[in-house]
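Dear colleague,

I am passing on a model for you to look over before you set anything up with it. Please open it first, and then read the notes below alongside it.

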Amino acid sequence: MESRFENWGWHASELAIQENAVTLARYATICQQAGLVPIVEPEVLCDGTHSLETCQNVTERVLAATYKACNDHNLYLEGSLLKPNMVTAGMQCPTKYTPEQVAEATVTTLQRTVPAAVVGVTFLSGGQSEEAATVNLNAINQYQDPRT
């Protein structure tokens, strides 16, 4: 199940975030009760002119709400996968960010919001071309956190 978080002017309503998070958590719990591994798939769309920083902020809010709802619904995190968007600027953003900047924003977002018990993360291409998604994924895989 996929929940899409659409924003008007990139001001995601807390109600929309909370409702989508609860729906994802309920879906994931139902999957586990049926013996299936849920793929939790919150997606922040890349349409628009928003900056990388704005996408990071919204993605962090969405993932934090999603995992709070998963906890509230007693989801067994070790038995689930996360399929989020990469943190990217909007497709019409005038500023072009490097794959290294996308990687840093994406990894930082995941470190801040995803519980360590989640065993796997796979990414949505999120409207990126196949080539751009591949280059960004490679940068994410190669990212070295300077704080460690």
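Is Thr 49 buried or exposed? Thr 49 is exposed, because its relative accessible area of 55% is over the 50% cut-off for that class. Please keep in mind throughout that the model is a predicted one, and that the values quoted here are computed from it.

Staying with that residue for a moment, Thr 49 sits in the loop between strand S2 and helix H2. Once its neighbours within four places in sequence are set aside, Thr 49 is in contact with Gln 92, Cys 93 and Pro 94. Thr 23, by contrast, is separated from Thr 49 by 26 residues in sequence and by 28 Å in space, taken C-alpha to C-alpha.

As for the overall fold, the protein chain has four helices and four strands, and from the N terminus on these elements follow the order β-α-β-α-β-α-β-α. The radius of gyration is 15 Å, close to the 15 Å that the globule rule gives for 148 residues, so the chain is as compact as a globular protein of that length. Along the principal axes, the C-alpha atoms fill a box of roughly 45 × 35 × 30 Å, and 47% of the 148 residues count as buried. If you consider the contacts between residues at least 6 apart in sequence, 81% of them join residues that are at least 24 apart.

Strand S2, which spans residues 39-44, is mostly covered, with five of its six residues buried. S2 runs parallel to strand S3 (residues 81-82), and two bridges join the two strands; in one of the pairings, Ile 39 has Leu 81 in S3 as its bridge partner.

The loop that leads from helix H2 (52-72) to S3 contains Asn 74, and this residue may deserve a second look when you check the backbone. Most residues other than glycine have a negative phi, whereas Asn 74, although it is not a glycine, has a positive phi of about 60 degrees. Asn 74 is also exposed, with a relative accessible area of 66%.

Turning to the empty space, the structure holds one cavity of 30 Å³ or more, and about 50 Å³ of space lies in the largest cavity. Its lining is made up of Val 44, Cys 46, Asn 85, Met 86, Thr 88, Leu 124, Ser 125, Gly 126 and Gln 128. By class, that lining divides into four nonpolar and five polar residues, with no charged ones.

The largest pocket has a volume of about 250 Å³ and is lined by 13 residues, among which Thr 88, Ala 89, Lys 96, Tyr 97 and Asn 136 lie nearest its centre. Helix H3 (99-113) and helix H4 (130-142) each supply at least two residues of this lining. Its residues comprise six nonpolar, six polar and one charged. Thr 88 is thus found both in the lining of the largest cavity and among the residues nearest the centre of the largest pocket.

With best regards

Notes. Residues numbered from 1 in each chain as written. Predicted model: local features only at pLDDT ≥ 70, side-chain atom pairs only at ≥ 80, totals over all residues. Heavy atoms only, no water. Buried < 20%, exposed > 50% of the residue type's maximum accessible area, 1.4 Å probe, protein only. Pairing = 2+ DSSP bridges. 1 Å grid on protein atoms, 1.4 Å probe; cavity = no way out; pocket = protein on both sides within 12 Å on 5 of 7 lines; lining within 4 Å. Points joined across faces, edges and corners; volume = space filled by probe spheres on them. Nonpolar A, V, L, I, M, F, W, Y, C, P; charged D, E, K, R; others polar. Rg over C-alpha atoms; globule rule 2.2 N^0.38 Å. Contact = heavy atoms within 4.5 Å.
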